[in-house]
Amino acid sequence: MKTVIRRFAVLTLIIGCVFVSCKKGDIFSVEGNIQSAEGDTLYLEHIGLAGIVLLDSAILNDKGSFKFKEPAPKNPEFYQLRIRDKVVAFAVDSVESLRVTADASNLYGSFTVENSYSNDQLRKVDDMRMKTEQEINSLEKLHTAKEIDDITFLNSLDSVLTLYKKEISNLILGNTSSAAAYYAVFQKINDYLIFDPYDKKDYPMFGAVATSWNRYYPETERTTHLYNFTINALQTRRQLEKQEELFQNITVETESGLPDISLPGVNGERIPLSSLKGKVVLLDFVVYSADFSPKHNIDLNSLYQRYNSRGFEIYQVSFDSNEHFWKTSADNLPWVTVRDPRSVSTPLLSLYNVREIPTSFIIDREGDLIGRVEDYSQLSEQLDKVL
């Protein structure tokens, strides 16, 4: 079986993570004890939008005690303590003095903050994310072992993420101005945001946090970034919705009886499959974020360069849920690339009886479907016959 996506899978916008809080007054302090680290250097670093900046350091004594003082931020802000090659992050939010304890041999697992509700909430987010990650890893093992097919894997993956979103949404909406809410909306798995700001169902989470931060922490760098990010996503989504109103149906029956496809390309313009009539077309269903995708497209490019001058075209349909990733991946491809925003919920999969990704079909110059590609290594021979 062909491999399908790792569309989602691990960790956060901010490393590691347990958070703490601090903010009133001109100065915040963080102090405590790090065991099993005598003579080691402990670093305090700021995790900003532009990257990590070193603020201070201290050599630990036999008790592992330390104390740092820094200017208090104007909004919930993120920092980390680093020792050797280990880090643990925290958020400065509403208290002036933070006390922490940990053991350097297990920095993240032993890290605690006294009397910090914000820290408790961040730990909760982290625990929920790790549970979801474990469930996704289990699904991937089943899929790799061919115990479940591609579509079952994708549907199960969506179910796991839907449950996570439902639980984490309650936490976000419970206190939209908190460090935990900001952290939660930017949770990532395999470099993909779990909450998609371009998705109508996910957008309210970003909107709620951005509105709240703009109210309580106006004109700060992090608030401005969050607010602009959210507004840009809203404008993009509204443009897509206007395009959808012009094209209510994705599929219609063509004269040949083949279900037609009309989906937006990278520039947002709809491209019907039927517009390629007169050419031999490879209809290719893919997911760009899948492990197989780079090699798959390299192989297709060799065929495209060989046969394009003879009237061969590729109509490639992506089911990637992350629109930005798809656009970035598809932008330089020489053939027709479109994306179905409904991902695995699209009726196209059942219309074309697709159970594996990638799946391809060959369509002749009259627009008739000749057959499914069973063996990609034989595709060149099949095209020679049709062309």
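This tour moves through a predicted model, from the whole chain to its cores, its helix pairs and a few individual residues.

**The whole chain**

Begin with the full protein chain, in which 10 helices and 17 strands are assigned. Colouring by burial will show that 50% of the 387 residues count as buried. Among contacts between residues at least 6 apart in sequence, 67% join residues that are at least 24 apart.

**The nonpolar cores**

Next, select Ile 261, Leu 283, Tyr 315, Val 317 and Tyr 352, the residues that touch the most other members of the largest nonpolar core, a set of 67 residues. Then add helix H3, residues 150–174, which gives this core 10 residues, the most of any contributor. A second core, separate from that one, has 23 residues, and Phe 28, Val 30, Ala 37 and Tyr 79 are among them.

**Ile 34 in strand E1**

Stay in the N-terminal part of the sequence and select strand E1, residues 27–35, where Ile 34 is found. With a relative accessible area of 2%, Ile 34 is buried. Displaying its surroundings, with neighbours within four places in sequence set aside, brings up contacts with Leu 42, Leu 60, Lys 63, Gly 64, Phe 66, Ile 83, Ala 102 and Ala 104. For a distance to draw, take Ile 34 to Asn 61, which lie 27 residues apart in sequence and 9.5 Å apart from C-alpha to C-alpha.

**Helices H2 and H3**

Now show helix H2, residues 117–144, together with helix H3, residues 150–174. Their axes come within 10 Å and cross at roughly 175 degrees; an angle over 145 degrees counts as roughly antiparallel, and H2 and H3 are therefore described in that way. On the H2 side, the residues making the contact include Val 125, Met 128, Ile 136 and Leu 139, while those on the H3 side include Phe 153, Leu 157, Val 160 and Leu 161. Sorted by class, this contact comprises 11 nonpolar, four polar and six charged residues.

**Helices H7 and H10**

For a second pair, select helix H7, residues 293–307, and helix H10, residues 379–386, which pack at an angle of about 25 degrees with their axes 11 Å apart. Because angles under 35 degrees count as roughly parallel, H7 and H10 belong to that class, and their crossing is right-handed. Leu 300, Leu 303, Arg 306 and Tyr 307 of H7 meet Leu 379, Ser 380, Leu 383 and Asp 384 of H10 in this contact, which by class has five nonpolar, one polar and two charged residues.

**Backbone details in three loops**

Move to the loop between strand E8 (112–113) and helix H2, and select Asn 115. Its phi is near 50 degrees, a positive value in a residue other than glycine, and Asn 115 is exposed, with a relative accessible area of 80%.

Glu 219, in the loop between helix H5 (203–216) and helix H6 (221–246), is another non-glycine residue with a positive phi, here about 65 degrees. Glu 219 is likewise exposed, its relative accessible area being 77%.

Finish at Pro 358, in the loop between helix H9 (348–351) and strand E16 (359–363). The peptide bond that joins Ile 357 to Pro 358 is cis, with an omega of about 5 degrees.

Key. Residues are numbered from 1 along each chain as its sequence is written. This is a predicted model: local features need pLDDT of at least 70, side-chain atom pairs count only at pLDDT 80 or more; totals for chains, interfaces and linings use all residues. Side-chain values use heavy atoms; hydrogens and water are left out. A nonpolar core is a set of buried Ala, Val, Leu, Ile, Met, Phe, Trp, Tyr and Cys residues joined through side-chain atoms within 4.5 Å. Buried means under 20% relative accessible area, exposed over 50%, partly exposed in between (1.4 Å probe, protein chains only). Helices (H or I, at least four residues) and strands (E, at least two) are DSSP runs, numbered from the N terminus. Axes are lines fitted to C-alpha atoms, for helices over the stretch in contact, and angles run from 0 to 180 degrees between N-to-C directions. Angles under 35 degrees count as roughly parallel, over 145 as roughly antiparallel, 65 to 115 as roughly perpendicular and the rest as oblique. A crossing is left-handed if the near helix is turned anticlockwise from the far one by less than a right angle, and right-handed if clockwise. Contact means heavy atoms within 4.5 Å. Ala, Val, Leu, Ile, Met, Phe, Trp, Tyr, Cys and Pro count as nonpolar, Asp, Glu, Lys and Arg as charged, and the others, Gly among them, as polar.
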